[in-house]
Amino acid sequence: MRTFKKIAILSTMTLLLTALLSACGSNAKSVNGTDTMASGGQEDTKVDTIMVSEVYHNLLYLPLYVANNQGFLEQNRIELSSIRAAGSGPTALSSVISGESAFSFHGPEHVAFANAKGGDARSLVLLSGSAPVWAVAREGVSVSSPEDFKGKTIVVGLAPTSSNSLMRKLFEDHNIDIDKDVTITEVQNGSELGAVLAGKADIAFVYEPQLDQGIAEGLHIVYDFTKDYPDFAFATMNTTTSFMEKNPDLTQRFVTSIEQALDYIHSNPEGAKAVAVKEFPNLDKKVVEHAVQRMIDSKVYPADGHINESAFEAAIGMQRFIGNLKEDLAYEDIIDASFTK
């Protein structure tokens with residue numbers, strides 16, 4: 001009788017231990033999208049731990065920071081080991097191609113450049129649309145039409161930055177000779193305001209938050225490219241087709257996280273500003289808040305992440321204009337919109 005009781009007790013303990021081990025195994029983590037299936041045939045609840053690469057930490061990628069800070073990535077079972085600042089679009093994309101990063105954040109033109117050389121990358125979701133570049137001027141300088149740029153001393157970021165490209169396209173469209181009609185100084189991105197604030201230049205072409213930093217110092221906007229290009233694929237989330245094929249569920253969950261972040265930015269601007277202030281603690285809080293509000297109002301942060309064909313054509317057309325892209329690449333060669341449909 002005692003033997004039967006011992007056997008019964010041991011059987012019960014074994015069943016309890018098996019159930020406990022099964023429960024512990026249901027939340028296994030994976031790295032860079034490697035599948036880890038839950039035990040016992042239960043639904044997969046793995047957490048994917050990945051690294052992503054950006055060109056540099058900037059407000060164009062605010063949807064990524066919101067997705068991370070507000071828990072959308074966590075809700076979609078994704079954990080970031082790090083957000084790596086690569087320093088350039090090609091370097092960020094190379095990190096994905098090499099398998100170091102799962103996704104990269106930059107303009108779709110870098111995907112086009114890579115694919116023109118035989119690569120197989122794709123842009124999946126839009127983080128920043130429109131063309132978030134503005135021209136600001138010192139007191140006493142006005143621009144009522146593009147022709148008023150003639151005779152001005154202008155500071156712009158080093159080519160081929162987008163602010164430089166947009167300026168050159170504007171001048172060509174309005175028959176402004178870049179060598180004869182204006183005086184242009186190219187400087188390192190982020191340092192455009194210095195000469196204008198010192199009174200040595202009339203106008204600077206800038207991004208945010210430099211725009212609102214300049215306004216805080218008494219400069220004023222004389223040209224707004226978001227009005228010229230309301231539909232422009234400026235910053236996208238990118239990866240390789242091989243990564244998508246191996247990790248379709250992870251890819252979908254990350255795209256979903258970015259779209260949830262875009263919804264949050266528009267439904268809760270104050271919350272989005274709080275994330276931006278946290279991400280850029282060395283900048284003046286009011287400057288950051290004004291910059292985020294301006295980018296919301298200018299529709300730089302899109303209502304959804306879908307990259308449409310006109311936004312693609314605007315971005316790639318600019319690269320053809322400045323001579324960076326000779327090949328004729330179709331929308332489907334660069335964009336995979338299946339995750340946002």
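**Exercise 1. Aromatic pairs**

Task: State how many aromatic pairs a search of the whole structure finds, then classify the pair Tyr 229 and Phe 232.

Solution.
- Step 1. Searching the whole structure, which is a predicted model, gives 16 aromatic pairs.
- Step 2. The ring centres of Tyr 229 and Phe 232 are 5.6 Å apart, and their planes meet at 85°.
- Step 3. Planes over 60 degrees apart count as edge-to-face. The Tyr 229 and Phe 232 pair is therefore edge-to-face.
- Step 4. Now check the cover. Both Tyr 229 and Phe 232 are buried.
- Step 5. Look for a cluster as well. One aromatic cluster is formed by Tyr 61, Phe 103, Phe 105, Phe 243 and Phe 254.

**Exercise 2. Helix H2**

Task: Work out how many residues of helix H2 are buried, and which they are.

Solution.
- Step 1. Helix H2 spans residues 62-69.
- Step 2. Apply the cut-off: buried means under 20% relative accessible area.
- Step 3. Six of the eight residues in H2 are buried, so the helix is mostly covered.
- Step 4. Name them. They are Leu 62, Pro 63, Leu 64, Tyr 65, Val 66 and Ala 67.
- Step 5. Step past the end of the helix. Gly 71, just after H2, has a positive phi of about 85°.

**Exercise 3. Positive phi without glycine**

Task: Locate Arg 77 and Ser 130, and decide whether each is buried or partly exposed.

Solution.
- Step 1. Arg 77 is not a glycine, yet its phi is positive, about 60°. Ser 130, also not a glycine, has a positive phi of about 60°.
- Step 2. Place Arg 77. The residue sits in the loop from helix H3 (72-75) to strand S3 (78-85).
- Step 3. Place Ser 130. Its loop runs between strand S5 (121-128) and strand S6 (134-137).
- Step 4. Test Arg 77. Its relative accessibility is 24%, so Arg 77 counts as partly exposed.
- Step 5. Test Ser 130. Its relative accessibility is 1%, so Ser 130 counts as buried.

**Exercise 4. Cis peptide bonds and helix H8**

Task: Give omega for the bonds from Ala 159 to Pro 160 and from Glu 208 to Pro 209, then place both prolines.

Solution.
- Step 1. Ala 159 and Pro 160 are joined by a cis peptide bond with omega of about 10°.
- Step 2. Pro 160 belongs to the loop between strand S7 (153-157) and helix H6 (162-173).
- Step 3. The bond from Glu 208 to Pro 209 is cis, and its omega is near 5°.
- Step 4. Pro 209 falls in the loop between strand S9 (203-206) and H8.
- Step 5. Move on into H8, residues 210-216, which contains Gly 214. Gly 214 has 0% relative accessibility and so counts as buried.
- Step 6. Compare sequence with space. Gly 214 and Arg 138 are 76 residues apart in sequence, but their C-alpha atoms are 9.1 Å apart.

**Exercise 5. A charged patch**

Task: Find which residues gather in the patch of negative charge on the surface, and which helices supply at least two residues each.

Solution.
- Step 1. The patch on the surface gathers Glu 309, Glu 313, Glu 332 and Asp 333.
- Step 2. Assign helices. Helix H14 (309-321) and helix H15 (331-334) each supply at least two of the patch residues.
- Step 3. Take one member. Glu 309 lies in H14.
- Step 4. Check its exposure. Glu 309 has a relative accessible area of 47%, so this residue is partly exposed.
- Step 5. Consider spacing along a helix. An α-helix has 3.6 residues a turn, so residues three or four places apart point the same way.

Definitions and conventions:
Residues numbered from 1 in each chain as written. Predicted model: local features only at pLDDT ≥ 70, side-chain atom pairs only at ≥ 80, totals over all residues. Heavy atoms only, no water. Patch = residues over 30% accessible without salt bridge, like charges linked within 9 Å, V, L, I, M, F, W, Y side chains within 5 Å. Areas by Shrake-Rupley, 256 points an atom, 1.4 Å probe, with all protein chains shown as cover. Salt bridge = Lys/Arg side-chain N within 4 Å of Asp/Glu carboxyl O. Lys, Arg positive; Asp, Glu negative; His and termini not counted. Charge placed at Lys NZ, Arg CZ, Asp CG, Glu CD. Helix = DSSP H or I, 4+ residues; strand = E, 2+ residues; numbered from the N terminus. Buried < 20%, exposed > 50% of the residue type's maximum accessible area, 1.4 Å probe, protein only. Phe/Tyr/Trp six-rings, centres within 6.5 Å; stacked < 30°, edge-to-face > 60°.
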